[in-house]
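Walk through this two-chain model with the coordinates open. Take each chain by itself, then look at where the chains meet.

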Amino acid sequence: MSVLELANISKHFGAIQAVNDVSFSLEAGEVVGLMGDNGAGKSTLVKMIAGNFHPSHGTMRLDGKDLVLHKPADARQHGIEIVHQDLALCNNLTAAANVYLGRELRRGFGPLRILDYGAMYKRAGQLFAELKSETRPRDLVKQMSGGQRQAVAIARTMLSQAKIVLMDEPTAAISVRQVAEVLNLIRHLRDQGIAVVLISHRMPDVFDVADRVIVMRRGRKVADKKIASSSPEEVTGLITGAIEQVA
Amino acid sequence: MAVTLDQTIAQKQHTFLSRLFANQTFWVVIAVILACLFLSVATDSFATSKNIFNITRNVTFTAIVALGMTFVIITGGIDLSVGSVLCLSSMVLAVTMHAGYSIEVGILASIATALVVGAFNGVLIAYLGFPPFVVTLGMLSVARSLAMVASNNTVVFQFGPDHQKLLALGGGAWVFGIANPVLYMIILALITGFILRWTKFGRHIFAIGGNEHAATLTGVPVKQIKVVVYMISALSAGLAGIIQTGWLGAVTTNLGNGMELQVIAATVIGGANLAGGVGTALGAIVGAALIEVIRNSLGLLGINAFWQGTFIGGAIILAVLFDRVRNFRRSD
């Protein structure tokens with residue numbers, strides 16, 4: 001059974017049809033590359049899954065049950081996590097504090113509950129170890145490399161039992177070596193049975209790490225195929241419109 | 001020797017000493033101590049109990065308001081209305097008690113006034129997106145004017161049936177001969193320090209100052225917290241006003257005039273960053289102490305009082321300079 005199923009999803013803003021009748025499904029432990037030119041509807045689609053937008057038409061099903069999201073917190077509660085393009089990190093806080101931002105662990109009773117620094121450092125350290133990232137929970141994010149910052153943002157999605165992780169352009173604007181690091185992080189998520197949606201402009205990254213590629217053009221899904229049976233040339237053609245549509 | 005991943009992750013990069021030396025508050029403490037030592041040797045009148053008493057008392061009012069200001073500055077905001085709110089709260093207390101009400105009613109009315117003012121500032125800033133500078137600048141004018149309205153611009157020095165209680169509250173020394181205001185300052189500093197370091201609320205304040213957008217995305221209730229932060233700032237000004245009223249035994253509409261500058265200076269000298277995300281309770285107090293020691297020493301050393309502003313302003317700029325130097329070194 002698919003983790004997530006989208007059926008005939010559309011979204012329009014006034015007269016503008018941002019997403020038009022898109023259907024696809026997502027399996028556990030699968031990495032799907034979501035590609036398309038600027039304005040193709042990738043972001044709008046992902047924002048509907050993340051609970052930022054409500055679809056105008058169509059239904060979403062999570063584990064076979066109807067999924068209705070009113071706000072991002074709802075999505076999170078259902079195990080849908082998003083890594084924002086700007087990572088949404090606070091430079092002045094430690095890695096552990098960023099991982100736990102908004103869901104801090106506390107100990108004590110009743111009204112007098114204090115932050116549980118020890119537990120947060122420990123769990124954050126475990127998550128970084130799982131991600132095979134050399135990131136120290138006590139270090140300030142300010143002093144970290146791009147790859148480490150990604151690790152912090154991704155560790156955040158692993159706090160709860162996430163089923164789906166949506167990643168918005170995680171490899172834009174970082175160095176080559178750090179891109180490799182991030183792709184490894186994505187593989188680790190996949191190995192834990194998490195479904196990953198990777199929004200990217202970078203063809204090599206998608207072909208390196210994804211199992212499947214979905215191409216959007218002008219609000220429509222124009223391709224949905226296994227990476228193994230596609231090629232960068234074909235995907236480029238689909239993105240630009242040189243190739244109209246493939247099955 | 002091979003270093004495993006787990007060891008790297010568990011490694012603490014900073015020792016206690018390296019953290020201490022990188023801490024602006026630490027250096028301000030050293031500056032205060034050195035200044036005190038120098039003044040004790042250089043003048044006969046500095047290390048007298050009377051002068052020390054004077055300094056500690058003067059520090060407390062600035063320091064208490066600076067504690068509240070620290071919350072606001074950590075979120076990246078600013079509150080220019082504290083001096084006027086202090087005056088308004090004092091005046092509400094004075095007028096209420098003068099009209100024959102008990103000290104409890106007076107204090108309650110005074111604190112309620114401060115909280116309403118703070119909530120007004122906070123709602124405009126958080127929910128309507130006003131720049132903090134503009135809202136609190138307006139409030140600076142409004143609150144002082146309301147104080148004048150409340151008192152008809154007179155000096156209030158008779159506080160009704162609980163007159164003596166109020167004077168004892170502000171002017172007494174209930175524990176080990178420590179002046180009461182100093183005691184209140186220490187208690188409030190401990191509470192502030194606790195909130196900032198150990199509560200979820202405190203953590204979220206730092207998050208907002210570091211990256212407000214990120215805080216919103218991760219589900220931090222940014223708007224509510226901002227309102228509370230301005231209420232805390234106004235509350236601290238109100239409390240300082242109550243204590244100062246008891247200490248002085250009279251309230252004029254001039255009380256707390258220009259205090260906002262001193263308070264902001266104290267927090268910044270103590271290590272808070274006006275851009276947000278950094279600040280401590282200890283820093284606020286130490287900053288207030290340094291300003292007061294500078295001021296006091298100028299008088300004792302026989303330097304013309306007109307120079308005060310130059311020295312205090314210089315200290316502010318110097319404090320920010322240290323911060324810049326550290327940042328330059330980091331970006332190299």
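In chain A, Gly36(A) has its bridge partner in strand 11, at Met216(A). That pair is a good way into a predicted model. Five bridges link strand 3 (residues 31-36) of chain A with strand 11 (residues 212-217) of chain A, and the two strands run parallel. In general, strands of a sheet pair through backbone hydrogen bonds, in either a parallel or an antiparallel sense.

Step outward from that pair. Strands 3 and 11 of chain A belong to an open sheet of six strands, ordered 6-9-10-3-11-12. The pairing in this sheet is mixed. Where does the sheet end? Strand 6 (80-83) and strand 12 (220-226) of chain A stand at the edges. Each has a single partner strand, so one side of each is left without a neighbour in the sheet. From one strand to the next, the twist averages 20 degrees.

A helix covers part of this sheet. Helix 6 (residues 176-191) of chain A lies across strand 3, strand 9 (164-168) and strand 10 (195-199) of chain A. Its direction makes an angle of about 150 degrees with strand 10 of chain A.

Chain A also holds an open sheet of four strands, in the order 2-1-4-5. Here the pairing is antiparallel. Strand 2 (16-26) and strand 5 (65-67) of chain A take the edges. Each of these edge strands has a single partner, so one side of each lacks a neighbour in the sheet. Neighbouring strands are turned by 30 degrees against each other on average, direction ignored.

Look at one end of this four-stranded sheet. Strand 4 (residues 57-62) and strand 5 of chain A pair in the antiparallel sense over three bridges. Within this pairing, Arg61(A) has Asp66(A) of strand 5 as its bridge partner. Now turn to the strands at the other end of the order. Helix 1 (residues 42-49) of chain A lies across strand 1 (4-13) and strand 2 of chain A. Helix 1 runs at about 60 degrees to strand 2 of chain A.

Now step back to the whole of chain A. Chain A has eight helices and 12 strands. Its C-alpha atoms fill a box of roughly 60 × 40 × 35 Å along the principal axes. The radius of gyration of chain A is 19 Å; a compact globule of 247 residues would have one near 18 Å, so the values agree. Buried residues account for 46% of the 247 residues in chain A. Among contacts in chain A with a separation of 6 or more, 65% join residues 24 or more positions apart.

Chain B is built from other elements. How many helices and strands does chain B have? Chain B has 15 helices and zero strands. Its radius of gyration is 21 Å, close to the 20 Å that the globule rule gives for 332 residues, so chain B is as compact as a globular protein of that length. The C-alpha trace of chain B spans about 80 × 55 × 35 Å along its principal axes. Of the 332 residues in chain B, 45% count as buried. Residues 24 or more positions apart make up 77% of the contacts in chain B with a separation of 6 or more.

Two helix pairs show the packing in chain B. Take helix 9 (residues 180-198) and helix 14 (residues 281-300) of chain B. Their axes come within 8 Å and cross at roughly 145 degrees. Helix 9 of chain B contributes Met185(B), Ala189(B), Thr192(B), Gly193(B) and Leu196(B) to the contact. Helix 14 of chain B contributes Ala281(B), Leu282(B) and Ile285(B). By class, this contact has six nonpolar residues, two polar and no charged.

Next, helix 8 (residues 163-171) and helix 12 (residues 222-248) of chain B pack at about 105 degrees, with their axes 6 Å apart. These two helices are therefore roughly perpendicular to each other. The helix 8 side includes Leu166(B), Leu167(B) and Leu169(B), and the helix 12 side includes Ile243(B) and Trp247(B). The contact divides into five nonpolar, five polar and no charged residues.

Finally, bring the chains together. In the interface, 24 residues of chain A are in contact with 26 residues of chain B. On the chain A side, strand 8 (112-115) and helix 4 (117-130) each supply at least two residues. Helix 4 of chain A gives the most, with three residues. The side of chain A that touches chain B has 11 nonpolar, six polar and seven charged residues.

Note on methods: Residues numbered from 1 in each chain as written. Chains lettered and ligands numbered in written order. Predicted model: local features only at pLDDT ≥ 70, side-chain atom pairs only at ≥ 80, totals over all residues. Pairing = 2+ DSSP bridges. Axes fitted to C-alpha atoms, helices over the stretch in contact; angles between N-to-C directions. Contact = placed C-beta atoms within 7 Å. Nonpolar A, V, L, I, M, F, W, Y, C, P; charged D, E, K, R; others polar. Parallel < 35°, antiparallel > 145°, perpendicular 65-115°, else oblique. Rg over C-alpha atoms; globule rule 2.2 N^0.38 Å. Buried ≥ 20, exposed ≤ 12 C-beta atoms within 10 Å, placed from the backbone.
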